[in-house]
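Visitor: Got a minute? I'd like a quick tour of this model.
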Amino acid sequence: MSARRRWAARAALLLAVAALLPVPPAAAPARAEETGGSAVTVPGVKVAGGEDFSALAVTVDQTRDLVNQAVVVSWTGGTPTPRDRVLGVDFLQVMQCYGDPYAADDPDGLAFRETCQFGAKVDTPVMPSDVPAAAAANANSRELRIDSPDYPAKDPKETLPEDARMVPFRPVSCPVGATGCERPRTPDGSAAQPFPQITDPQTGAEREAYPDEVLAGYFNKSVTNEYPYALTAADGTGRISFEVQNSSLAPDLGCGDPYTDAQGARQPSRPCWLVIVPRGHRHPYTGADVSADDAPQGSPLMVRNWQYRMVVPLAFEPVKGYCSADQAERITAGTELAAEAASAWRPALCATANGPSISYSPIGDDEAARQLLTPSANAPGLIYSSDPVPTTADDPVLVHAPVTLSGVVIAMNIDVNLENVPLPEEVARLRGTAVRDLKLTPRLVAKLLTQSYRRDVPGGGGKALEKNYDSIKRDPEFLDLNPVFADWDRRAAVTLNGLMVPNGSSVAARALWQWILSDRAAKAWLSGIPDGDMVVNPAYGSLFGGEAPDYFPKADRSCYEEREGAELYQLCSQELRPYTGGFGPGAARTLRGDTGAFGQSLNRNVTPPRFEKLPREQPGFRFTMSVTDSASAARYGLFTAQLCKATQNADGRWTPDDCRAPSTPAISAAVATAGPSQVAGVSVIDPATAWATAGAYPLSLLTYAVADTTDPIDARRDYARLLRHAAGDGQRPGAARGLLPEGYVPLPAALRAMTEAAAARLERPAPATSSPVPSAPIAAPATSAPGGATGGGSPPPAIGAPAPPLPPPPATGTVPSSNAPVPGSQAASPQPSTQQAGNRTPGSPVGGLRYAIIVIFAVGLVGGVAGPILRRFAGRFASPGGPE
């Protein structure tokens, strides 16, 4: 007799004595302990007669100075999540909450659990298995009812009514005891607090709302950051990147908002909490091991599951109050490569006496240059650009000041998803872990960017692509460079749903194409020479004859079609492989496993029929990649691919012989190759030159602040303060306000000196010439004395403590000590004469553009998901109060 049937036979007895069941003592959540910096480790607990998580230790890598970003949650001592049965045992659940986990009048945390963002019914990973077993019912919800006689109707400690159907959610704006709240506590589904009646979206009939629909006004699966299924690897370890959200993304949690504490004092930033609920393999009420064919049932918010909670404090940077409304606002705009730095520096500047409030709007490099040269009072007085800005005799005199050094990267969020067959132990133990080491060549990236894999074209591309590989996981070159994919799940859908790219034009996009075109094999393939049977998508055939594009085209205009009656429904390239809204949004979507793509199957169960957006990819089964920048990838805790040269052996197999990761040494090596540009005295990094230089990361980019010396003197002084900060504390790596965020490399001493000189000249502009500040020779930061003068040139002015180099991103592999360039690929990239990369239409002053960007972003979101999304994402770059 199975365990389930034995328990069913005892159902009547269990229900009769439910009130007499042993009740574990009140278990306060395990308290966190700082382990260095703001990293915190919290231990698991053991409950008599229940689960033993005492060997579990969970570490959160950053708990202070938080904005909207990812924190890395890692653990040791866990029980491996089985991969040969339905997911139901031995995993972790992670969520963000705002209440008080240690309130004296709430020893079991039952009021605290109402403040947690959890229960949006995020899809459960499907484990391929022949083993009959039960899933963990309601594990991704707030529901309380368990359809099993082994569970009592009400736990003896439960404070909600016996007929309550879910743990309600209480938004921060409606504290306990408040009445008439605009956003009230949700009903619990009991007779006293029934769920509302709604119109069924498919049938049109009136019915009672489901629990996740009740929550949808506060959060839903498209915006929630909950992580209901964090899987443990075979060695008992695990790692996830968890997206923490301040009040701009999760307004009903209020993290980072000003608030009044229990003593009545006004505080600048509301604290929040990361809560980890480990799920084991024992029945919550009998203690029996159910791992063979059942699972511990219920929501993590259910009393018997909630008792194992592990709580970590989260301290957010204030969302409001950095810059007062009466401070002068100075407008800046430009490349998103500077976005993370600009966001970090702003609060430090306006927090000082008479400090300026520096706004920032992300726009293309060329559009930013046009805005700067626009004779308008609303135009920016300073822009960020990775292209120098050439001027004519009729233009204002400009200064160029280096401010950031970073790189374009291919970020990834890929879980090892192997076939459900016996595999060697060293391979099998990788199941469910993150892919940290991915190697890509210019030709492989070119195939992704040109929609040349059949899966990236609506309907598969027809006869023109019939011999091409379905996806990158079938490409022999990719498999040779990344052997773990040889044992990947064979199902066609378990693969990459396109390489996500931002829309618009930029120097960053041009640099990526220049790198591709500097590679002989990639350029030959783009020109029409097949790789075996694989050819470039013909829609892209005419795009690579001259200068490198400065955007990512979706040149294939084909559409997949289905008919319903007389109506024709189409799904075209930009629905199948949509653009991201920029580097930051692309990195965030990579973290969430949400490509925004629509599936090629018409849903005829709704009126009118439609193609449905694909759900988020779930932990253990994610395969997402995007083109972004190194700072955005670091912000969202993403691994990045290595860019490789490869050699084809006599047997036809490929071997990587020169791989470069966007590490501090590799980016520093690239900036040392910077050469003259179209503006005298201003240097730029050429991708082809860097690719031909040993150890240099080819997609490194140096970003300049470019300022107008004809602005009013008070504005120029404020911009000069920004430049001095960028050259000083702004080059010190750290998470706190005013420092250099992770993902940037501190500028070499010569470039800092150039920025200091530009600041001085900005305050006292030369009257007759537009020549820039003379630049010193660029040298990589000295490893023995970071920030010291190197490579000749004069020492920079004192800027405080030396800036240590950033640690390398978590991609594995080493930078080769030597580099054998690919023949024919050493020529410098073609450079545009005076036309910059950017938007190709004349722009209006940035004063109006800032608000247009917000409106466009909001309208785009309405087209994707309704409900709370608009409230969460409005004003990403235009917040008047502080960091996003």
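Guide: Sure. This is a predicted model. Of the 884 residues in the protein chain, 57% count as buried.

Visitor: How many helices and strands does the protein chain have?
Guide: The protein chain has 20 helices and 31 strands.

Visitor: And the contacts, what share comes from residues 24 or more positions apart?
Guide: Take the contacts in the protein chain with a separation of 6 or more. Residues 24 or more positions apart account for 73% of them.

Visitor: Let's switch to helix packing. At what angle do α5 and α17 pack?
Guide: About 120°. Helix α5 covers residues 339-350, and helix α17 covers residues 713-727. Their axes are 11 Å apart. The angle makes α5 oblique to α17, because it falls outside the ranges for roughly parallel, antiparallel or perpendicular.

Visitor: Is that crossing left-handed or right-handed?
Guide: The crossing of α5 and α17 is right-handed.

Visitor: Which residues meet there?
Guide: From α5, Trp-345, Ala-348 and Leu-349. They meet Arg-721, Leu-722, His-725 and Ala-726 of α17. By type, the residues in this contact of α5 with α17 are five nonpolar, one polar and one charged.

Visitor: New topic. Where is Ser-385?
Guide: Ser-385 sits in strand β17, which covers residues 382-385.

Visitor: Buried or exposed, that Ser-385?
Guide: Buried. Its relative accessible area is 0%, and the cut-off for buried is under 20%, so Ser-385 qualifies.

Visitor: What lies 2.7 Å from a polar atom of its side chain?
Guide: The backbone oxygen of Asp-387 lies 2.7 Å from a polar side-chain atom of Ser-385.

Technical notes
Residues are numbered from 1 along each chain as its sequence is written. This is a predicted model: local features need pLDDT of at least 70, side-chain atom pairs count only at pLDDT 80 or more; totals for chains, interfaces and linings use all residues. Side-chain values use heavy atoms; hydrogens and water are left out. Axes are lines fitted to C-alpha atoms, for helices over the stretch in contact, and angles run from 0 to 180 degrees between N-to-C directions. Helices (H or I, at least four residues) and strands (E, at least two) are DSSP runs, numbered from the N terminus. Angles under 35 degrees count as roughly parallel, over 145 as roughly antiparallel, 65 to 115 as roughly perpendicular and the rest as oblique. A crossing is left-handed if the near helix is turned anticlockwise from the far one by less than a right angle, and right-handed if clockwise. Contact means heavy atoms within 4.5 Å. Ala, Val, Leu, Ile, Met, Phe, Trp, Tyr, Cys and Pro count as nonpolar, Asp, Glu, Lys and Arg as charged, and the others, Gly among them, as polar. Buried means under 20% relative accessible area, exposed over 50%, partly exposed in between (1.4 Å probe, protein chains only). A polar contact is a pair of N or O atoms within 3.5 Å; within protein, one must be able to donate a hydrogen and the other to accept it, and residues adjacent in sequence count only if both atoms are side-chain atoms.
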